[in-house]
Amino acid sequence: MTYDNICKYLAEEYPENFARWLLPNQATEVEVLKTELSLEPIRADSVTLVQSSNQILHLEFQTLPVLEPPLPLRMLDYWLRLYRQYRCPIEQVIIFLKSTTSQAAFINEFTAANTWHRYRVIRLWEQDPAPFLADNALLPLATLTRAETPRTLLEQVAAQVARIESAQQRQNLAASVEILAGLRFEQNLINQLFREDIMKESVIYQQILQEGVRQGQQLGESTLVIRQLERRFGSIDATTLEQIRSLTSDRLEQLAVALLDFVAITDVTTWLQSEN
């Protein structure tokens with residue numbers, strides 16, 4: 001998701017700021033760590049080492065509270081992999097971006113039989129905007145915090161962004177604000193407060209364009225494979241279609257080669273299961 005990618009960018013670009021926000025009693029000397037964890041690769045949103053206390057800060061940004069596998073199980077999985085790799089204290093935080101009444105956004109632990117694991121949950125719409133307005137790196141998140149008059153809050157953020165001296169930082173944060181603000185505000189209002197040309201000049205905008213091209217290419221590849229399968233075996237069930245569309249470009253290329261030897265639609269299911 002674009003919103004998650006913006007938050008990942010902010011956490012990697014400004015790790016000290018996120019550490020000061022979430023670990024206020026720790027020193028600010030930090031190191032960004034790899035987000036791809038060991039074993040069968042999964043990728044966390046943000047992993048930072050707070051060097052003074054030898055503590056890891058692991059962040060997950062969420063717009064949708066209901067996922068598969070469920071978030072509590074995913075957080076336990078992340079913790080195990082991080083601890084296996086680094087063997088140090090780990091502070092885990094899920095940051096929910098979009099307001100929801102789903103009970104899943106209020107769960108902060110995983111329990112099963114004799115296993116119990118806890119983590120922090122932050123719902124941005126409940127947070128005081130003041131700390132976010134006081135830190136330029138957190139301005140994009142400020143648009144989603146608590147406000148009696150949301151428009152006034154967005155105007156405050158826009159004014160703060162306009163005062164940033166560095167042109168590059170101003171462009172990148174303005175683009176980040178515009179995208180995250182889309183979770184809460186009408187696009188017309190956002191366009192009134194932020195100039196489109198500033199966004200287009202930002203690194204963030206260029207990354208979004210490149211990601212769109214990559215996703216478009218992947219969609220084209222998956223469509224071609226699906227058409228080849230449908231031509232040979234007829235209609236394909238929705239679950240199989242979804243699995244094919246979620247494959248990476250490399251996996252789609254492998255499937256395109258493998259399907260030449262398939263004799264029945266069950267071969268597709270078998271191949272997909274073998275890839276998991």
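A nonpolar core is taken here as a set of buried Ala, Val, Leu, Ile, Met, Phe, Trp, Tyr and Cys residues joined through side-chain atoms within 4.5 Å, where buried means under 20% relative accessible area, exposed over 50% and partly exposed in between (1.4 Å probe, protein chains only). The model is predicted, with local features requiring pLDDT of at least 70 and side-chain atom pairs pLDDT 80 or more, while totals for chains, interfaces and linings use all residues. Residues are numbered from 1 along each chain as its sequence is written, and side-chain values use heavy atoms, leaving out hydrogens and water.

We may start with the overall fold. The protein has 13 helices and seven strands, assigned as DSSP runs (H or I, at least four residues, for helices; E, at least two, for strands) and numbered from the N terminus. Of its 276 residues, 43% count as buried. With contact defined as heavy atoms within 4.5 Å, residues 24 or more positions apart supply 61% of the contacts with a separation of 6 or more. The exposed area is about 15,100 Å², of which carbon and sulfur atoms supply 48%; accessible areas follow the Shrake-Rupley method with a 1.4 Å probe, and for residues only the protein chains shown count as cover.

Next comes the interior. The largest nonpolar core holds 46 residues, and those with the most contacts inside it are Phe18, Trp21, Ile95, Leu97, Leu124 and Leu141. Helix H7 (residues 167–181) gives this core its largest share, six residues. Apart from this core lies another of 18 residues, including Ala44, Val47, Ile56 and Cys88. Beyond its neighbours within four places in sequence, Trp21 touches Ile95, Ile122, Leu124, Phe132, Leu138 and Leu141.

The aromatic rings deserve a look of their own. Rings of Phe, Tyr and Trp (its six-membered ring) pair if their centres lie within 6.5 Å; planes under 30 degrees apart count as stacked, over 60 as edge-to-face and the rest as tilted. A search of the whole structure returns four such pairs. Phe18 and Phe61 meet edge-to-face, at 6.2 Å centre to centre and 85° between the planes. This pair links distant parts of the chain, 43 residues apart: Phe18 belongs to helix H2 (residues 15–22) and Phe61 to strand S3 (residues 55–62). Both Phe18 and Phe61 are buried. Trp79 and Tyr83, in turn, are stacked, with 5.0 Å between centres and 5° between planes. These two residues are separated by about one helical turn because they sit four residues apart in helix H3 (residues 71–86). Trp79 counts as partly exposed at 25% relative accessibility, as does Tyr83 at 35%. Finally, Phe18, Trp21, Phe61 and Phe132 form one aromatic cluster.
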